[in-house]
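User: I'd like a close look at one part of this model, the places where the protein leaves space and where it meets the RNA. Take your time and walk me through it.

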Amino acid sequence: MSITVVLDPEGQPQELPDGADAATLFRDRREVLVARVNGELVDLATTLNDGDLVEPVTAEDPDGLAVLRHSCAHVLAQAVQQVDPDAKLGIGPPIQDGFYYDFDVDRPFTPEDLAELEKRMTAIIKSGQRFSRRVVTDDEARTELEFQPYKLLLIQSKGGSDASAEPDSEIMEVGGSALTMYDNVDRRDQTVWTDLCRGPHVPTTRHIPANAFKLMRTAAVYWMSDEHNPQLQRIYGTAWPNKDQLREHLTFLAEAAKRDHRRLGAELDLFSFPEQIGSGLPVFHPKGGLIRKELEDYSRRRHEESGYEFVYSPHITKAGLFETSGHLDWYAEGMYPPMHLDAETDGEGNVRKPGQDYYLKPMNCPMHNLIFDSRGRSYRELPLRLFEFGSVYRYEKSGVVHGLTRARGFTQDDAHIYCTPEQMPAELADLLSFVLDLLRDYGLDDFYLELSTRDPAKSVGGEAEWEQATEALRSAAEAQGLELVTDPGGAAFYGPKISVQAKDAIGRYWQMSTIQVDFQLPERFGLEYTAADGSRQRPVMIHRALFGSIERFFAVLLEHYNGAFPPWLAPVQVVGVPVSDAHVDYLAEVASQMRARGIRVEIDSGSDRMPKKIRNATRAKVPFIMIAGDEDQAAGAVSFRMRDGTQDNGIPVADAIERVVEVIESKAQV
RNA sequence: GCCGCCUUAGCUCAGUCGGCAGAGCGACGCACUCGUAAUGCGUAGGUCGACGGUUCGAUUCCGUCAGGCGGCUCCA
């Protein structure tokens, strides 16, 4: 007897003995880790049937790499249990770039533990254990896993072997068509370790490259991500098809760390977080302030041109406003606690005047609503676009504060647009174009859009209006021709949202602008306009921030450019370096001509030698280093050295100035 | 907020098995007058994050707090 299977993707029929498995088919190809049989990812030990469509899957395939990483997680868990046989196992899935495994252990892991575990993992990998799949009944599993409470919970919550539940990306243990255990069998056929797992796995631990994995860090996590559950200790690891790819990944991480905005901010003297002010509350130094001012000035100009009106509002307000807006119901936890003011008591301690609570504002919208509502509004005024660089304060939990990207005090480039329901679709479409255009001007040009839809458990407002707004957002998004992903249930309680995700220079995506439709606030504030027919109508309100927060946007650009801002944003655009002291006056004269054209130029007249000055200016990432010595001076010229080290000598002064001006005005990068 | 780690000169970091500390860079001064990423010499600069405790003695050990880092949760 024999069977015939079809090899994918070549489409080659292949004859095999009856009962053959995929491993037989690929026995000469060690790089094959698993197989895709009729579209389903399975172990190579899976028995094939006549007519199966079989595709080899290697670590170069994303699915294959995930299997490799998942198997590596098993090796980690085995190593942990070698050290601590009482360690209780949580879940251990593959993730972006690696894997993790959660453990309930008496003592958190230390960096020394990780080094020890890595050694043991290497030994396990080299021992060549086979991953052997075994189908079990629920009862058998429960007996075997008697001392693994978390695995028991998984069986229970996922319904065991008859689970029809969708496979969960995070939970690799259960969720297949049957409940399975994976035995690690050593070369003497002894089962040395076992884990509940739906698989699949690589054939043997030898298929995990022993020199291409690394344990990265530890973390405490809540079981099932719920803070009411017990805390487990997680170990994160990374694993790759080969040593070179591991090295490449580690290099990438080092590169990302080098351009961390917190580090660049200190190095380039842009901003700081003085401890005396408080966690998450930044101050901008002159150079950072200049960049920020350029960002803001350009934004202001574009907003003016696009029909926005500028408003200003205070930083604190009485509690009543946030009662009206609903913030105190929905968001009090994220707000700084109130200041209680103006209370008066008499001599006996009786309250004569109850006083008032004042809150720092976490959002600008309630204030803008009051501006809308300050007088009767006509349909002729709509869309009314109110814009403010509004500083807000949010009491972020201490563990989440993170440089400028997650601060407690920050400034939103916040606008609220009031329009009729009929105007909404066109307004949203224009808005999105405006936002994307502006982001491109700042140097970000690779985007995708994310549409966050209603979470029924956490929302207000009617089904129909949500539907209408969501569709309006969707069609505005689709009109951009960009990739659109949906984030089901990700919307805020008051309305659906589109966010723009922008890719930076090293391939990371950042959530930038958000555009959010709100039915709730116009209702709560009783906002109205008079329609053409004289009736009172409720406007639709759109919240939108382009930068999100200026601080955060600043941080993203800083990392995107690695501190080397394009000249229009560079705090110092030109540094003059004299070859010797004798050329300082000449450069100063050129500099004053440049200043007259609005160029930010400094002359380094210090006592350093010329190469040192060039080094300093290079490290400050100044776009143009303007050098002048005898030759340049005699020719009425200067020489430019650019950030990449390229050199252009003997440029006539007038041409040099034009060149800088041109680059600044065109917002080009150099 | 939770878990772990960390905090020594402006910055990056040594160091003290408990006897009050060092380097490089930076700053400042002097000399050098110099053509593309560090000229040389010198000077100043630290209540070793804060407060308590243990100790004859604490920067070092313990505790609390503040700030930071990596995760978790959160990101309206």
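How do the residues of the lining of the largest cavity divide into nonpolar, polar and charged?

Analyst: Keep in mind as we go that this is a predicted model. The lining of the largest cavity splits into 5 nonpolar residues, 3 polar and 1 charged. The residues in question are S325, H327, M363, C365, F493, Y494, D518, Q520 and L521. The space they enclose comes to about 60 Å³, and the count of cavities of 30 Å³ or more is 1.

Now for the open space. The largest pocket holds about 1,300 Å³. It has 37 lining residues, and Y331, M363, R394, E396 and F410 sit closest to its centre. M363 is worth a second look, since this residue belongs to the cavity lining and is also among those closest to the pocket centre. As for secondary structure, α10 (327–330), β23 (409–419), β27 (509–518) and β30 (540–545) each give at least two residues to the pocket lining. By type, that lining has 15 nonpolar, 12 polar and 10 charged residues.

That brings us to the RNA. There are 50 residues around RNA strand B, and those that come nearest are Y331, R394, R609, R615 and Q647. Within 4 Å of the protein, 48% of the strand's atoms belong to sugar and phosphate. You'll recognise Y331 and R394 from the pocket, where both are among the residues closest to the centre.

Which elements build the surface near the strand? At least two residues each come from β12 (213–222), β13 (231–239), α17 (610–619), α18 (630–635), β34 (637–642) and β35 (647–652). The largest share, 7 residues, is supplied by α17. Overall, the surface near RNA strand B counts 17 nonpolar, 16 polar and 17 charged residues.

Some individual polar contacts fill in the picture. On the sugar side, a polar side-chain atom of Y236 is 3.3 Å from a sugar or linking oxygen of RNA strand B. The bases are met by backbone atoms too: a polar one of G399 lies 3.2 Å from a base nitrogen, and a polar one of E631 lies 2.7 Å from a base oxygen.

A couple of backbone oddities deserve a mention. Most residues other than glycine have a negative phi, and most peptide bonds are trans. The peptide bond from L382 to P383 is cis, with omega near -5°, and P383 sits in the loop between α11 (365–372) and β22 (384–393). N38, which is not a glycine, has a positive phi of about 50°; you'll find N38 in the loop between β3 (32–37) and β4 (40–42).

Last, how far does the predictor trust all this? Chain A has a mean pLDDT of 90, with 97% of its residues at 70 or more. Residues 161–167 are a stretch to treat with care, as their pLDDT is below 50. Beyond near neighbours in sequence, that stretch has 10 contacts in the model.

Notes
Residues numbered from 1 in each chain as written. Chains lettered and ligands numbered in written order. Predicted model: local features only at pLDDT ≥ 70, side-chain atom pairs only at ≥ 80, totals over all residues. Heavy atoms only, no water. 1 Å grid on protein atoms, 1.4 Å probe; cavity = no way out; pocket = protein on both sides within 12 Å on 5 of 7 lines; lining within 4 Å. Points joined across faces, edges and corners; volume = space filled by probe spheres on them. Nonpolar A, V, L, I, M, F, W, Y, C, P; charged D, E, K, R; others polar. pLDDT = per-residue confidence, 0-100. Contact = heavy atoms within 4.5 Å. Near = heavy atom within 4 Å. Polar contact = N/O pair within 3.5 Å; in protein donor to acceptor, adjacent residues only side chain to side chain. Helix = DSSP H or I, 4+ residues; strand = E, 2+ residues; numbered from the N terminus.
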